[in-house]
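Reader: Could you take me on a close look at one part of this model, the pairing of its strands, and then show me how that part fits with what surrounds it? I would enjoy one connected answer.

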Amino acid sequence: MESVAFNKTYRVAIRSFYKHIALMLLVLVCACVVSWKALLGASVTWGAALILILAIFANILMKRASEKLTLRDDDREKEIAYETGFANTRSVEIELVNIKHIEVEQNVFQKLLGIGDIKIASSGTSENEIYIKNVPNPYAVRNEIQEHTRKYSYANRAVN
């Protein structure tokens, strides 16, 4: 039976940046209060607020773009790959057949937001080699990875 090529990428959820969003709102409120009280010139206050908000937003975009988890299951590659970093990058690949366990962690806020952390360890080490934070629907991601992992672990058992 011919396998269907599968390639899916998971990224950090936008909703996981709730602290950044709260900080942007705080900057807006402070700018409103300062300009209303006329402590500084309104243009200076709003200019500084705009610069801070843009810096926070750029930080969100850079963090989201700099971390990804990719599940590849095709004729050439049967692996999970984790890439992190923007200027300096780090990459870890684990063959699906070598995945030992997948762990999902969620704190109270992550549960409310529907996000969680995923840790993956291979049979070659006792440590988690892949650790990605704030992935949307972490249990669905784990189940999808396990589905592909099981396919190859059963195939290897049948061969042995």
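Author: Happy to, and let's start with β3 and β4: in this predicted model, these two strands run antiparallel and are joined by six bridges. One place to find on your screen is Glu79, which stands opposite Glu95 in β4. The two strands form a hairpin with five residues between them, and in that hairpin Gly85 takes a positive phi near 110°.

Now widen the view a little. β3 and β4 belong to an open sheet of four strands, ordered β1-β2-β3-β4, with antiparallel pairing. As a general point, strands of a sheet pair through backbone hydrogen bonds, either parallel or antiparallel. The edge strands here are β1, residues 6-11, and β4, each of which pairs on one side only. Between neighbouring strands of this sheet the average turn is 15°, direction ignored. At the β1 side, six bridges again join antiparallel strands, this time β1 and β2. A handy marker there is Phe6, which stands opposite Asp73 in β2.

There is a second sheet to place beside this picture. It is open too, with three strands in the order β5-β6-β7 and antiparallel pairing. Its edge strands are β5 and β7, each pairing on one side only, and the twist averages 20° from one strand to the next. Six bridges join β5 to β6, which run antiparallel, and the bridge partner of His101 in β6 is Ala121.

What links the strands of β3 and β4 with those of the second sheet? The largest nonpolar core is a good place to look: β2 (67-73), β3 (78-84), β4 (90-95), β5 (99-105), β6 (115-122), β7 (130-136) and the helix α4 (138-159) each give two or more residues to it. This core has 19 residues, and those with the most contacts inside it are Leu69, Ile80, Ile99, Ile118, Ile120, Ile130 and Ile145. In general, nonpolar side chains of soluble globular proteins tend to be buried together. Ile130 makes the link easy to see: leaving aside neighbours within four places in sequence, Ile130 is in contact with Leu69, Ile80, Tyr82, Val92, Ile94, Ile118, Lys119 and Ile120. Apart from this core lies another one, of nine residues, among them Phe17, Met24, Ala31 and Ile56.

Lys119, one of the contacts of Ile130, deserves a stop of its own. Lys119 is found in strand β6. Is Lys119 buried or exposed? With a relative accessible area of 14%, which is under the 20% limit, Lys119 counts as buried. Its side chain makes a polar contact of 3.0 Å with the side chain of Glu105. Setting aside neighbours within four places in sequence, the contacts of Lys119 are His101, Ile102, Glu103, Glu105, Asn128, Ile130 and Tyr131.

For a look away from the strands, turn to His20, which is found in helix α1, residues 18-37. The side chains of His20 and Asn59 are joined by a polar contact of 3.2 Å. Not counting residues up to four places away in sequence, His20 touches Ile56, Asn59, Ile60 and Lys63. Ile56 is also among the residues of the nine-residue core.

As a bench biochemist you may well ask about the cysteines. How many disulfides does a search of the whole structure find? The search finds zero. Cys30 is in no disulfide, and the nearest cysteine sulfur, that of Cys32, is 9.3 Å away. Cys32 is likewise in no disulfide, with the sulfur of Cys30 as its nearest, at 9.3 Å. Because a disulfide calls for sulfur atoms within 2.5 Å, a separation of 9.3 Å does not qualify. Cys30 is partly exposed, at a relative accessible area of 40%, and Cys32 counts as partly exposed at 39%.

Finally, here is the frame that holds these parts. The protein chain has four helices and seven strands, and from the N terminus on its elements run β-α-α-β-β-β-β-α-β-β-α. Of its 160 residues, 33% count as buried. Among contacts between residues at least 6 apart in sequence, 52% join residues at least 24 apart.

Terms used:
Residues numbered from 1 in each chain as written. Predicted model: local features only at pLDDT ≥ 70, side-chain atom pairs only at ≥ 80, totals over all residues. Heavy atoms only, no water. Core = buried A, V, L, I, M, F, W, Y, C linked by side-chain atoms within 4.5 Å. Buried < 20%, exposed > 50% of the residue type's maximum accessible area, 1.4 Å probe, protein only. Contact = heavy atoms within 4.5 Å. Pairing = 2+ DSSP bridges. Axes fitted to C-alpha atoms, helices over the stretch in contact; angles between N-to-C directions. Polar contact = N/O pair within 3.5 Å; in protein donor to acceptor, adjacent residues only side chain to side chain.
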